[in-house]
Amino acid sequence: MSHPSIGIHMLTKILASIAALIISILPAFATELVMVEQDGCAYCARWDAEISEIYPKTPEGKFAPLRRVDLHAPLPADLTFKGPVIFTPTFVLVEDGIEQGRIEGYAGDEMFWAMLTITLRDHSDFDVEAVHATQAPKP
């Protein structure tokens, strides 16, 4: 039979390792794409149908994970926007909770991806050219 203090010592080591892992992961999510939406928004529903399933699987979605915020709820304390959100959906690119750029509205999947590429290129360190180079068709 093992001594009880050995079990506590092992548990402490495991918890410390988990905490270190969580802390090491957090900076990876310093950039987020905040989707401001509201109930009954037809364009939000269209974005959900056309984009939401694939977004987290894309390089853009991995770089800036999606976070949803309700237009009528108080803005979470860890977010700072440069101005009010008027239209839904509005996609706000944030770095460490501070707005860097935004896309207002949703006019279809092609326009969304184009606007997101421009927003990421102009307001983050996302390497758009490297992503497109790796996705180029092979001859």
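## Starting with one side chain

Does Ile118 count as buried, exposed or partly exposed, and what is its relative accessibility? In this predicted model, Ile118 comes out at 37% relative accessibility. Buried would need under 20% and exposed over 50%, so Ile118 counts as partly exposed.

Ile118 sits in helix α4. It also belongs to a nonpolar surface patch, together with Met111 and Met115. Between them, the three residues offer about 250 Å² of accessible area.

## The sheet

Now for the strands. Four of them make up an open sheet, running in the order β2-β1-β3-β4 with mixed pairing. The edges belong to β2 (66-70) and β4 (98-104); each has a single partner strand, so one side of each is left without a neighbour in the sheet. On average, neighbouring strands are turned by 25° against each other, direction ignored.

As a bit of background, strands of a sheet pair through backbone hydrogen bonds, in either a parallel or an antiparallel way.

## The β3-β4 hairpin

Take a look at β3, which covers residues 90-95 and pairs with β4 in the antiparallel sense over six bridges. One residue pair to pick out on screen is Thr90 with its bridge partner in β4, Glu104.

The hairpin has two residues between its strands. Check the backbone at Asp96, which takes a positive phi near 50°.

## How the helix sits on the sheet

Back to helix α4, which spans residues 109-123 and packs on the sheet. Helix α4 touches β1 (31-37), β3 and β4. The direction of α4 makes about 155° with that of β4.

Key:
Residues numbered from 1 in each chain as written. Predicted model: local features only at pLDDT ≥ 70, side-chain atom pairs only at ≥ 80, totals over all residues. Heavy atoms only, no water. Pairing = 2+ DSSP bridges. Helix = DSSP H or I, 4+ residues; strand = E, 2+ residues; numbered from the N terminus. Axes fitted to C-alpha atoms, helices over the stretch in contact; angles between N-to-C directions. Contact = heavy atoms within 4.5 Å. Patch = residues over 30% accessible without salt bridge, like charges linked within 9 Å, V, L, I, M, F, W, Y side chains within 5 Å. Areas by Shrake-Rupley, 256 points an atom, 1.4 Å probe, with all protein chains shown as cover. Salt bridge = Lys/Arg side-chain N within 4 Å of Asp/Glu carboxyl O. Buried < 20%, exposed > 50% of the residue type's maximum accessible area, 1.4 Å probe, protein only.
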